[in-house]
Amino acid sequence: APGIPVIDQAYSKLSNSITVEWRAVPGATNYMLTAQDGDSFVETIVKNSPGTVTGLKPATLYRITVRSINSGGKSQPSPFRRVKTVLAAPILSVHSPRCDSIAVSWKAVHMAAGFSVSLMRSDGLGRMLKENTTNTSLIFTNLDPGTLYTIKAYAWNANGMPGDDFTYNQRTSPNAPVDVKVAFSSGALRAVVSWTPTEGALTYSVTVSSGLLKLRCNTSSASCMVPSLQCSSEYYVSVTAYNDAGSSKPTDAVSLKTVPCAPVNISIEEDEPGHLLVSWSSVTLGHYYVVFVKSDDGLEVHCNTSYTQCHFQSDCGFTYFISVFAYNKAGQSPLGDVFNYTTAPCCPSDFRAVLMSSDTVRVTWAPVRGADLYETRAAGGSGVVLCKDTATACTLSALQCNTPYNITVYSFSEARGSNTSCAPQYVATAPCSPEIKNVSKEGLSVISVQWQSNNEEATYVVTARGEAGLWHCTSTRNSCTLMDLPCGSAFSVSAIARSPAGQSLPSYSVPLETAPCCPNDLILTQVTQSVTNISWSVGMGAQMYVTTLESPKGHAKCHTLQNYCLLGCITCGTNYTVSLRAISETGLTSSCTYQGYSSSACCPSGVKLYRLSNNGIRVFWQAPDETMNYSADLHGSKGNFSCTPSSGLSHCDITEIPCGDVYTVVVAPVTDKGPKLTFCPRKIYSVTCSGSSVGMVIYRGKSNAKHI
């Protein structure tokens, strides 16, 4: 184990510790310091001298020993020293009762004989104040307001040894702000209070009071806005500064008079036409008044007075917007109620009446200022017709046609009623509509129209309207004639009446239909000896046709919806008269006549072929008309052959006809009016060969054959 240390000195500078100094011991790596108070002790291991034992009690006597330590163990304790810890520091309670003083107090300290308290500005400026006392409180005066001070205090014992010290920073309360100014905003009824910042103040409080009413505003800047002030009021404004030490005294109150309130009990009277009188009640703190009168055309006038009434000029039909303001040194009162006054509207001008129909008149006029409603009154005939509307136009309906009326337009306003001095205007309605009584046919394309005339000095126009166009006739009486109407057309006939007052509504339409047109072209074609086909062009307006062929030998007729027809039972070689009737859908009929028609000549009968000796063929027939010429045609695969006899004969010869072929034989009458008839009967004959030059003619009928 190392040797025993020797303590050179031991002392206490803090109330909870003792510092020990000793001589170093060779071979020692650590040292153990021991402070013993009766049965209790505190040990601390340190590396070398000096060493401090902490965690001790203030003002207590301790036995201090030191032991050296190495790997071999601990030495014996050194001779002890008795050392007493110093006094504990007083715990201060500090405040600033005024802006120039700081009060310090503390509790008694065990074993303390007295106390020393010092004070100095924390920024190091100025001198330090120091007080020694046996009391537990004292006050420092004559300090700088709003300044941070550092306070240090300690206790000493009966031997005058100081104990631990206690340091505290305290700021003096601020001084009252100076140079307080109040700026009033009249429009917003608020005030901005400003002042010169005071040293050490952290916040400020502005108090605005009027009687029992108090308004406050807190801020950290050098100004504050106080809203919601009342008009016509006097306020007193003061400012108090605050910091963590307390508050300053309030500043001397500054008087603030707000703007006057808006005038009330405003009345507007039109004491005589063209003059308005505006009056109101007086306002507290109001020095003078200004009245603004603005008309609805944008023109504004004003009146400045210290009294409570003003006079203005006015015009009819205008709306005036009136507002009254009170003024004082603080400014203009808030906007109060804006009143409007409407004078009686003027009579409408630029009156116009337009006839819309025989019983309807549309009246228009220029708008009138201030008019909310217009009433149009039409007096005449059997009564009065009224029309009310907010628009500058009115349609008077259900008037009597062909009647004079006095029409007056009155203007109304809800505030002032109507202007009843407006003059009437004379208006005559248009003629009454005529009533068509009869439409009759005077001829093929001539129509007479009659109507009931119930107007004076009226001209009547009758119109026939259809797809074919328009036809008119005019008369001042009760009838007129429509000429040259086309056939096969449908019309709607109506009439109107005209006069200097206007034109009537058209009458009810009467339908009119002309007879259908006759077809322009008619063609007859013989189909067979007893059947003829007739075709024609379409007749305008016709739906059905009746075609007739008549002769002394008989007649043929057909009904059809088409534009063609087949007529049977026609007698050949006969002259016929041709007629056609075109019938409309409603039964109107047009009889049409055309050029006569002759049916074709009759075909011969008994056609036979005879073999001649010179390789020829004779064709023989029985002629129904001996005056008629005929021709015979033979058609075979080896050739076509024909012959025509001399006039009056009923046979003809064909020479050198090849045998061994089948021929179709047709005998037909020949005329100079057109081609040969194609509908005469055909017969088939076979010409055979016998030896080299002799042949037979064989008739090939339905089921038999002949040879000659």
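**A strand-built protein, residue by residue**

Visitor: What relative accessible area does Asp653 have?
Guide: Three classes are used here: buried means under 20% relative accessible area, exposed means over 50%, and partly exposed lies in between (1.4 Å probe, protein chains only). Asp653 falls in the partly exposed class, and its relative accessible area is 34%.

Visitor: Good start! What kind of model are we looking at?
Guide: Residues are numbered from 1 along each chain as its sequence is written, and side-chain values use heavy atoms, with hydrogens and water left out. Local features need pLDDT of at least 70, side-chain atom pairs count only at pLDDT 80 or more, and totals for chains, interfaces and linings use all residues, in what is a predicted model.

Visitor: How many strands are there in the protein?
Guide: Helices (H or I, at least four residues) and strands (E, at least two) are DSSP runs, numbered from the N terminus. The count of helices in the protein is zero, while the strands number 64.

Visitor: What is the radius of gyration of the protein?
Guide: This value is taken over C-alpha atoms, and the globule rule is 2.2 Å times the number of residues to the power 0.38. For 708 residues that rule gives 27 Å, and the protein is well over it, so it is more spread out than a compact globule. Along the principal axes, the C-alpha atoms fill a box of roughly 200 × 110 × 35 Å. The radius of gyration itself is 72 Å.

Visitor: Of the 708 residues, what percentage count as buried?
Guide: The accessible surface of the protein comes to about 37,700 Å², of which 49% belongs to carbon and sulfur atoms (Shrake-Rupley method, 1.4 Å probe; for residues, only the protein chains shown count as cover). Of the 708 residues, the buried share is 41%.

Visitor: Among contacts between residues at least 6 apart in sequence, what percentage join residues at least 24 apart?
Guide: A contact here means heavy atoms within 4.5 Å. Among contacts between residues at least 6 apart in sequence, the share joining residues at least 24 apart is 57%.

Visitor: Now for charges: which residue does Asp37 meet in a salt bridge?
Guide: A salt bridge is a side-chain nitrogen of Lys or Arg within 4 Å of a carboxyl oxygen of Asp or Glu, and by this rule the count comes to ten. Asp37 has one at 3.1 Å, N to O, with Lys57. Asp37 lies in strand E3 (residues 30-37) and its partner in the loop between strand E5 (51-54) and strand E6 (61-70), so the pair ties together parts 20 residues apart in sequence. The partner, partly exposed at a relative accessible area of 44%, is Lys57.

Visitor: Which residues are linked with Asp123 in a network of salt bridges?
Guide: The side chains of Asp144 and Arg121 meet in a salt bridge at 2.5 Å, N to O. This pair links parts of the chain 23 residues apart: Asp144 in the loop between strand E13 (137-140) and strand E14 (148-156), Arg121 in strand E11 (residues 114-121). Asp144 is partly exposed at 32%, whereas Arg121 counts as buried at 19% relative accessibility. The residues linked with Asp123 in the network are Arg121 and Asp144.

Visitor: Back to Asp653: which residue is its salt-bridge partner?
Guide: Asp653 and Arg618 have side chains that meet at 2.6 Å, N to O. Asp653 lies in strand E60 (residues 651-654) and Arg618 in strand E57 (residues 617-622), so this pair ties together parts 35 residues apart in sequence. The partner, partly exposed with a relative accessible area of 31%, is Arg618.

Visitor: Which residues does Gln562 touch, not counting those up to four places away in sequence?
Guide: Gln562 is found in the loop between strand E51 (554-560) and strand E52 (564-567), and counts as partly exposed at 41% relative accessibility. The C-alpha atoms of Gln562 and Tyr545, 17 residues apart along the chain, are separated by 7.6 Å. Leaving aside residues up to four places away, Gln562 touches Trp536 and Tyr545.

Visitor: What is omega for the cis peptide bond between Ser49 and Pro50?
Guide: Most peptide bonds are trans. Pro50 is found in the loop between strand E4 (40-46) and E5. Its cis bond with Ser49 has an omega of about 0°.

Visitor: And what is phi of Ser228?
Guide: Most residues other than glycine have a negative phi. Ser228 sits in the loop between strand E20 (223-226) and strand E21 (234-243), and is exposed, with a relative accessible area of 55%. Its phi is positive, near 60°.
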